[in-house]
Amino acid sequence: MSRIAIELKNVSVARRGNAILSDISLTVEVGRCCAILGPNGSGKSALMAVLSGYLWPSTGAVCVDGRTYGHVDLAQIRQEIGLIEPSRAPKFDERMSIRDVVATGLFGTIVLPPHREPDEGQWRRVDDEVASVGLSAIGERAYGDLSSGEQMKTLLARAMVSDPRILLLDEPTVGLDIGSRAACVAVLDRLLQRTDPPTVVIVSHHLDELPYAVGKIVLMKGGRVVGQGTPEEMLTSAHLTRLFDCRVDVIENDGRFIASVRSVEPG
């Protein structure tokens, strides 16, 4: 029987009388990939904040790796979660090298601690992760000189260097061009093919950036889960047309899904 990595039971979040999330229940199995889709303002990022322990539910229960929030040390759990939010990415010193930026993931900082130099084994870990995202040849290049795609690969390596059990990705390819997006998706595909991959939850607007290994789709609208199931069940023209309030045609091609907007309904 598969173990559960993430479980939300009837989670709601209200702020100043406004419902941000309403009665959210879902589970994600260990080592699996779950994608959350929905229009802007549907509560996707709020849900990620709840999962990472930075937004507290008004009602309901959040259980990560068998531990229920409110009964455990959140700081310890956060050490086991890799979180990437490009819109709120850490502000690294642009002169830092790729290797140094990745190494900060060992300590959960944005600079290398002055009195805590990574040891030889940790540097090997850093170099392995830099290699895994295809940046070994430019590992000493300054972070500020990288393209947006190379910076995202660096952030993925940084998130993985501490060997997290859970990886949360909030629109990881936002602002990337088609080629850079495809390169980052390829990195995710390789990550999920590891012998012991992390449990991955990805928030996205783009079907074509979902990894091959995505096993569960959660559709959100108005702060609620309006559908969840396999990609084949959820990524249909009918479901996405209702989700985004416009005509969406979905095409499946060799395990990838592509959405095409044909027309927008008035009003």
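How many bridges join strand 9 to strand 10? Five, and the two strands run antiparallel. Before the close-ups, a word on the model: this is a predicted one, where local features need pLDDT of at least 70 and side-chain atom pairs count only at pLDDT 80 or more, while totals for chains, interfaces and linings use all residues. Residues are numbered from 1 along each chain as its sequence is written, and side-chain values use heavy atoms, with hydrogens and water left out.

**View 1. Strand 9 meets strand 10 in a hairpin.** Helices and strands here are DSSP runs numbered from the N terminus (H or I and at least four residues for a helix, E and at least two for a strand). Two strands pair if DSSP finds at least two bridges between them. Look for Leu219, whose bridge partner in strand 10 is Gly227. Two residues sit between the strands of this hairpin, and Gly222 takes a positive phi near 60°.

**View 2. Six strands line up in an open sheet.** Their order is 6-7-8-3-9-10, with mixed pairing. Strand 6 and strand 10 (224-229) are at the edges with a single partner strand each, so one side of each has no neighbour in the sheet. From one strand to the next, the twist averages 15°. (Axes are lines fitted to C-alpha atoms, for helices over the stretch in contact, and angles run from 0 to 180 degrees between N-to-C directions.) Strand 7 (residues 166-170) and strand 8 (residues 199-204) run parallel, joined by five bridges. There, Leu169 stands opposite Ile202 of strand 8.

**View 3. Helices pack on the six-stranded sheet.** Contact means heavy atoms within 4.5 Å. Helix 1 (residues 44-51) touches strand 3 (33-37), strand 6, strand 7, strand 8 and strand 9 (214-221), and its direction makes about 155° with that of strand 7. Helix 5 lies across strand 6 and strand 7, and runs at about 165° to strand 6.

**View 4. Another open sheet has four strands.** Here the order is 2-1-4-5 and the pairing is antiparallel. The edges belong to strand 2 (18-29) and strand 5 (67-68); each has a single partner strand, so one side of each is left without a neighbour in the sheet. Strand 1 (residues 4-15) and strand 4 (residues 59-64) are joined by five bridges, and Lys9 stands opposite Ala61 in strand 4. Helix 1 turns up in this view too, lying across strand 1, strand 2 and strand 4 at about 60° to strand 2.

**View 5. Strand 4 and strand 5 make a hairpin.** Two bridges join these antiparallel strands, and Cys63 stands opposite Thr68 in strand 5. Two residues lie between the strands, and Asp65 in the turn has a positive phi of about 55°.

**View 6. Trp56 and Tyr69 form a stacked pair of rings.** Rings of Phe, Tyr and Trp (its six-membered ring) pair if their centres lie within 6.5 Å; planes under 30 degrees apart count as stacked, over 60 as edge-to-face and the rest as tilted. That rule gives two aromatic pairs. In this one, the ring centres are 6.3 Å apart and the planes are at 20°, so the pair is stacked. Trp56 is in the loop between helix 1 and strand 4, and Tyr69 in the loop between strand 5 and helix 2, so the pair ties together parts that are 13 residues apart in sequence.

**View 7. The largest pocket holds about 700 Å³ of space.** On a 1 Å grid over the protein atoms alone, a pocket is an open set of points with protein on both sides within 12 Å along at least five of seven lines, a cavity is a set where a 1.4 Å probe fits but cannot get out, and lining residues have an atom within 4 Å of a point. Points are joined across faces, edges and corners, and a volume is the space filled by probe spheres set on them. Of the 23 lining residues, Arg78, Ile81, Leu83, Gly108 and Arg158 are the closest to the pocket's centre. Strand 6 gives the most to the lining, with four residues.

**View 8. One cavity of 30 Å³ or more turns up in the whole structure.** The largest cavity holds about 40 Å³ of space. Its lining includes Leu207, Pro231 and Phe257.
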